[in-house]
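Q: Hi! I would like to learn how to read the empty spaces in a protein model. Could we go through one together?

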Amino acid sequence: MGVQRQRDPVASRFQALVVACALCWALSARCVEGQSQTGQLSVDASQQNARKIPDKMFGIFFEEINHAGAGGLWAELVSNRGFEAGGPNTPSNIDPWLIIGDESSIIVGTDQTSCFERNPVALRMEVLCDSKRTNACPSGGVGVYNPGYWGMNIEKGKVYKVSLHIRSSDAVSLTVSLTSSDGLQKLGAHTIKGSKKSFAKWTKIEFHLKSSQNNTNSRLQLTTSKSGVIWLDQVSVMPLDTYMGHGFRKDLSLMLANLKPQFLKFPGGNYAMGNYLRNAFRWSETVGPWEERPGHFNDAWGYWTDDGLGFFEFLQLAEDLGASPVWVVNDGASLNEEVSTATIASLVKDVVNGIEFARGGPKTPWGSVRAAMGHPQPFKLDYVSIGNQECWMLYYRGNYQKFYAAIKAAYPDINIISSCDGSTISPSNPADLYDVHVYTSSSNMFSRTSMFDNTPRSAPKAIVSEYAVTGNDAGKGTLVAALAEAAFLIGLERNSDVVEMASCAPLFVNDNDRRWSPDAIVFNSWQHYGCPNYWMLHFFKDSSGATFHPTTIQISNYDQLVASAISWQNAKDKNTYLRIKVVNFGNRAVDLNISVAGLANGIKNSGSQQTVLTSSSPLDENSFQQPEKVVPVSSPLGNAKQQMGVSVRPYSLSSFDLLLEASKHGSI
């Protein structure tokens, strides 16, 4: 991801004018919707002109941006669970933790007495009050609470695993509870009791809390009415009900699974680099027991992450989704610093060790660490991306060659992705794939349907790992932005002989921390919805590994139509379909005569359907209030045959899935 810069007032006024023009454009679209044109769409479904689309053509790219992982996909409810976010110097800021009580009853700070070497900071609570009348604590006791990430979503009947480490100078009576945001409504509670001897040393406590009520804006409280000093560290609340039981928020994970992604690129772009190298993503610091991970400040996007969502978890998520992991490695560059090629060897070795962690046997040095985390079998890591579009930097090419040589020597089958343009790839600067990022306006994105038409048909192929419509008509995720991206993806399908993979960016945004717009999936602690571009991706989720068929469009004085055709097999019912996709990026309806030639088998009389993504205005968006304002709508297609007429609405993406007769020879 690139970094957004502050806008100056003149630019803001100009952009406001552009938006106003876009609104006029939207209104004009409705005015002319009654006008229509006639066009011809021809599909060549013959076997001799068919081409297989790569098996991993469409996937997803995850970046820790917009609190996508911390407070999002990763289901941990406690923010700053290890008290490290305030930095190593103590006493430090404990945000977002807050105190229950006042300074006459409790003093809270941090010190460096933790039992974890890489996480030295712990919370120290000095309780001055007691249950005695002479210095009685307030009703309910004193202590601290954590609101999570803009409120914890606690659901009635659900069970939550609570973990924390305690040390005390005296006997302990500490109540751990899930409550409403004001602390008045108790959802579940457990009291930890023990003698002075029991907690003289750091002790880990784990238990389950079952909620008695629903509350979407809850908090975790730790309170006591007993004087003394209590130290706390590594306080965690995790729902037991997570995706595949591996710690991922279920509703958001299902949104990903429903896209049938064929690859997962992680952990990000700028996030992998950091503004400064001290804040780059370091894979080896994100594996092993979660309490021992130091966490780091995500300076690219301005917030702390405890790295509960680490290298192991990304690999696990890819496996759970049935996707191939694509690891973006730090190649010695941040946005403001570089490691010279002369001193890059240790970083190269670190990346090779990371591959061993993923792929090595359970008795190898790093494979044994993975095995100890509960995954003795290797992960199938076949793609490594060297850096994040920093080919322009001074040492990139020299460093890249060091990484390439070392990785290929140890793992010759791994596909290595270069950040340089395809034209720079040569025997002296080899690559299996080259990375392409496209961020542009909707009109320009639509025009890029032909971006790869004239690309030389020789290796290596491209991975378009980041693409998105940005700017004013993109809004927070508009229909017109989704349509432009759909046209771009149709161009990638057509050029899938030179484009191997593609994924949009960014994937997620927590609505409370929107650092970038638009995004595919919007969420808060308890809700989520897909933007139009998320629903657009559903039209392409069956394209990976499908068969591409050439199409041609003939229409007079109207260049706003883009189409493609694939044949694909439904994994559930084993039926084969011919899917014709049409993007109408303009404000006129089109009566389209579709002609399919070269089919080895006919089209069944029933079982075909059409699906349309459109809305009343090209600037329409989804929201928490209207999560399905712009979503695909499917209906039976009654006139399905090799020669048929269809109507394509203005500003729409349509697919026509024609159910084919069964083939005796496996061809269409």
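Q: Which residues lie nearest the centre of the largest cavity, and how many residues line the largest cavity?
A: Good place to start. Keep in mind that this is a predicted model. A cavity is a space where a probe fits but cannot get out. Here, 14 residues line the largest cavity, and those nearest its centre are F58, G59, L259, L537 and K541. The space in this cavity comes to about 120 Å³.

Q: How do the residues lining the largest cavity divide by class?
A: The general idea is to sort the lining into nonpolar, polar and charged residues. For the largest cavity, that gives nine nonpolar, three polar and two charged residues.

Q: How many cavities of 30 Å³ or more are there?
A: The count is five. The second largest cavity holds about 90 Å³ of space.

Q: What lines the second largest cavity?
A: Try finding these on the model: F281, R282 and W283, then W327, V328, V329 and N330, and finally L347, D350 and V351. Two elements, β18 (324–329) and α5 (345–359), each give at least two residues to this lining. By class, the lining has seven nonpolar residues, one polar residue and two charged residues.

Q: And how much space lies in the largest pocket?
A: A pocket, unlike a cavity, is an open set of points. In this structure the largest pocket has about 590 Å³ of space. Its lining is made of 26 residues, with W74, M238, H246, G247 and W290 closest to the centre.

Q: Which elements give two or more residues to the lining of the largest pocket?
A: Look for β9 (159–168), β12 (203–210), β14 (228–239) and α4 (311–321). As for classes, the lining of the largest pocket has eight nonpolar, eleven polar and seven charged residues.

Q: Where should I look for the centre of the second largest pocket, and which residues are closest to it?
A: Look for N153, E155, R249, D251 and S525, which are the closest to its centre among the 23 residues of the lining. This pocket contains about 470 Å³ of space. Both β8 (152–154) and α2 (250–257) supply at least two lining residues.

Q: How many residues of each class line the second largest pocket?
A: Sorting that lining gives nine nonpolar, seven polar and seven charged residues. Now you can follow the same steps on your own: find the space, find its lining, then sort the residues.

Note on methods. Residues numbered from 1 in each chain as written. Predicted model: local features only at pLDDT ≥ 70, side-chain atom pairs only at ≥ 80, totals over all residues. Heavy atoms only, no water. 1 Å grid on protein atoms, 1.4 Å probe; cavity = no way out; pocket = protein on both sides within 12 Å on 5 of 7 lines; lining within 4 Å. Points joined across faces, edges and corners; volume = space filled by probe spheres on them. Helix = DSSP H or I, 4+ residues; strand = E, 2+ residues; numbered from the N terminus.
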